[in-house]
Amino acid sequence: MGLSSASTATEAIKLCIFDLRRGQQEGQELDKILFFFPADLPFSTQLSVIGLSEGLITFTRIFSPEAACELIEAERHSHVFYEAEPDIWMVMIVEKNESEAIWRIAALQKVLKEVHSLFLMFHGSIRALLEKEPAGGLIRAHLHPFMMDYLRACQKWSPLDNCCWDFLFGKKLLLPSFRDCLKECGTVQMLNVSREAAIEVQSLVRLLESCAGSSPCYSLILFQDLLVSTTLSPVDTINLFTYAVLRLTPRTISSGVSSWSYLRKGSTGSSVTAGYTLAHSASVPDQYYCLPDTSPSGDNNYHVVRPLKRDRWSKAKDGFLVTDIWSAEAGSSTSATPTIWLQQTEERMYLCAYQFRSLTLILVVPVASILNGEQLVSLVKQQVLENASLKMLKVEEKLSKGWGGENAYHVSGYRYLLVDVDRNVSRASPPGKVTTLTKDQVLRTVIVKGPKVGRLFPLQFSIPKVVSLACTTTANVNEVWHKKF
């Protein structure tokens, strides 16, 4: 089926968020646009793209009223849809180019789902912000900087790092391909630990929970960029793990940039590019974001927290991580305790992060359970230092002793991605190994089958029909990219 597209040859990728409930009256069409990339496209072009997307959504509902539209394949473009919230849609339009990267649509959908989940964790639902200010200025002021920060969420943290994820490379938007990395959005990467170490970790978890006194407390423990323990729900674990790897692990703190690696800098041969000027993105203030609103509104200056900005977390002398992102007032020198929203319980939580060598501990405590706010958060931190320091030292030593480095789980001679969809856990070849893959190697047939790999995963390999962006998904819990080179 051929579909005409509003994109031109130089507009390879578009990303937009719009609300179907808005802009239904003639002359008010711009009200439905909540975010659009590239932002410097004419409004007529933006409306054309969103109008086409809205038409496709409405048309497909005739045949599938219960299941939302996920994908429309046109002759020259792939239209990827995700209904983030009722009647609020995120759409990515990617130009097809046979000479460039190959990706799977499920991977692109995962990107849309991930950025929405992170937005929920920090700002709450899009619909709630729209209801708070129906004119739309508030949600636009939150969405634009958040989306732009997400797209440029990562940089190289080491000159020796060959694999790096940063959707925005200079003034261009890039999509990682199968040659860049094997990565699965919406999953966590676990650390294998011995029984003795697991017992020590569990003891540390109990100590951390006791530091909050009678208040309920949840914890997340990472070693390097790998998850060791969590007491959060699966969805909240994934969100907080994703953010921790982006901004809170030792690599990100010590270097001032993120360690999450997808895309190799300086190698654009395997990536789709779009040459847009990133309007309104370079000179945005840290705390306030002023965005021209397309609907009638009074004051369009809003206090906007930007948790994905680089270089805003640092390690204090006591080991706790601090940031001024959540400062109560713009330009204030006093840092406020970070807060997040848990999706499982819909509670607002204080976030406290502590780092000791390669160990990162994250505590979340309900805001509602702490009457004196900042004072009691300080008390919780003091209890952690007094009661859990020795245990953290012991746990870090045991985990370091059993840690075999980045290549610890690498199967020599193979490149693979394994996803356990039931537990939302993935494991893949190290980024440095993946970069040696070629397209022909990935698309060939499976060569190995067996009962298990190492100590964790069953081994039953198959190659997806179309290989993908760095965050690939597989149809079966035991499926994986797997190729000998």
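The paragraphs below lead through the overall fold, one kinked helix, the salt bridges, the aromatic pairs and a surface patch of this predicted model.

The protein contains ten helices and 21 strands. Of its 485 residues, 56% are buried. Among contacts between residues at least 6 apart in sequence, 66% join residues at least 24 apart. The accessible surface amounts to about 20900 Å², and carbon and sulfur atoms account for 51% of that area.

Helix H8, which covers residues 374-402, offers a starting point for the interior. The helix has a kink of about 65 degrees, and this kink is centred on alanine 388. Alanine 388 is also one of the buried residues of H8, a set that further includes Val377, Val380, Val384, Lys391, Met392, Val395, Glu396 and Leu399. An α-helix has 3.6 residues a turn, so residues three or four places apart point the same way. What do the buried residues of H8 pack against? Their partners are helix H5 (195-210) together with four strands: E8 (218-223), E9 (226-230), E15 (348-356) and E16 (359-366).

Salt bridges also join H8 to H5. The side chains of lysine 398 and glutamate 196 meet in one of them, with a distance of 2.6 Å from N to O. Because lysine 398 belongs to helix H8 and glutamate 196 to helix H5, this pair ties together parts that are 202 residues apart in sequence. Lysine 398 is partly exposed, its relative accessible area being 24%. A further salt bridge connects lysine 394 with glutamate 200, where the closest N and O atoms are 3.4 Å apart. Here too the pair links distant parts of the chain, since lysine 394 is in helix H8 and glutamate 200 in helix H5, 194 residues apart. Lysine 394 has a relative accessible area of 39% and is therefore partly exposed. Glutamate 200, by contrast, counts as buried because its relative accessibility is 13%, which falls under the 20% cut-off.

Elsewhere, Arg21, Arg61, Glu83 and Asp87 are joined into one network by salt bridges that share partners. Within this group, aspartate 87 forms a salt bridge with arginine 21, and their closest N and O atoms are 2.9 Å apart. Aspartate 87 lies in the loop between strand E4 (77-85) and strand E5 (88-95), while arginine 21 lies in the loop between strand E1 (13-19) and strand E2 (33-37), so the pair ties together parts that are 66 residues apart in sequence. Arginine 21 is partly exposed, with a relative accessible area of 47%. In total, the protein has 13 salt bridges.

The aromatic side chains give a second set of contacts, with a count of eight aromatic pairs. In one of them, phenylalanine 81 and tryptophan 89 are arranged edge-to-face, at 6.2 Å centre to centre and with 85 degrees between the planes. Both phenylalanine 81 and tryptophan 89 are buried. Why is the pair of phenylalanine 119 and phenylalanine 146 edge-to-face? The ring centres of phenylalanine 119 and phenylalanine 146 are 5.3 Å apart and the planes stand at 85 degrees, so the pair is edge-to-face, the cut-off for that class being over 60 degrees. This pair links distant parts of the chain: phenylalanine 119 is in helix H2 (residues 105-123) and phenylalanine 146 in helix H4 (residues 137-151), 27 residues apart. Phenylalanine 119 is buried, with a relative accessible area of 2%, and phenylalanine 146 counts as buried at 3% relative accessibility. In addition, Phe122, Tyr243, Trp313 and Trp326 make up one aromatic cluster.

Helix H6 (residues 234-247) contributes a buried polar residue, asparagine 239. Its relative accessibility is 5%, and asparagine 239 counts as buried for that reason. Its neighbours within four places in sequence aside, asparagine 239 is in contact with Ser117, Leu118, Met121 and Gln343.

The surface, finally, carries a nonpolar patch formed by Phe59, Ile62 and Phe63, which together have about 370 Å² of accessible area. Is phenylalanine 63 buried or exposed? Phenylalanine 63 counts as exposed because its relative accessibility is 60%. The residue is found in helix H1, which covers residues 43-63.

Notes: Residues numbered from 1 in each chain as written. Predicted model: local features only at pLDDT ≥ 70, side-chain atom pairs only at ≥ 80, totals over all residues. Heavy atoms only, no water. Patch = residues over 30% accessible without salt bridge, like charges linked within 9 Å, V, L, I, M, F, W, Y side chains within 5 Å. Areas by Shrake-Rupley, 256 points an atom, 1.4 Å probe, with all protein chains shown as cover. Salt bridge = Lys/Arg side-chain N within 4 Å of Asp/Glu carboxyl O. Helix = DSSP H or I, 4+ residues; strand = E, 2+ residues; numbered from the N terminus. Buried < 20%, exposed > 50% of the residue type's maximum accessible area, 1.4 Å probe, protein only. Bend = angle between axes of the 7 residues up to and from the residue. Contact = heavy atoms within 4.5 Å. Phe/Tyr/Trp six-rings, centres within 6.5 Å; stacked < 30°, edge-to-face > 60°.
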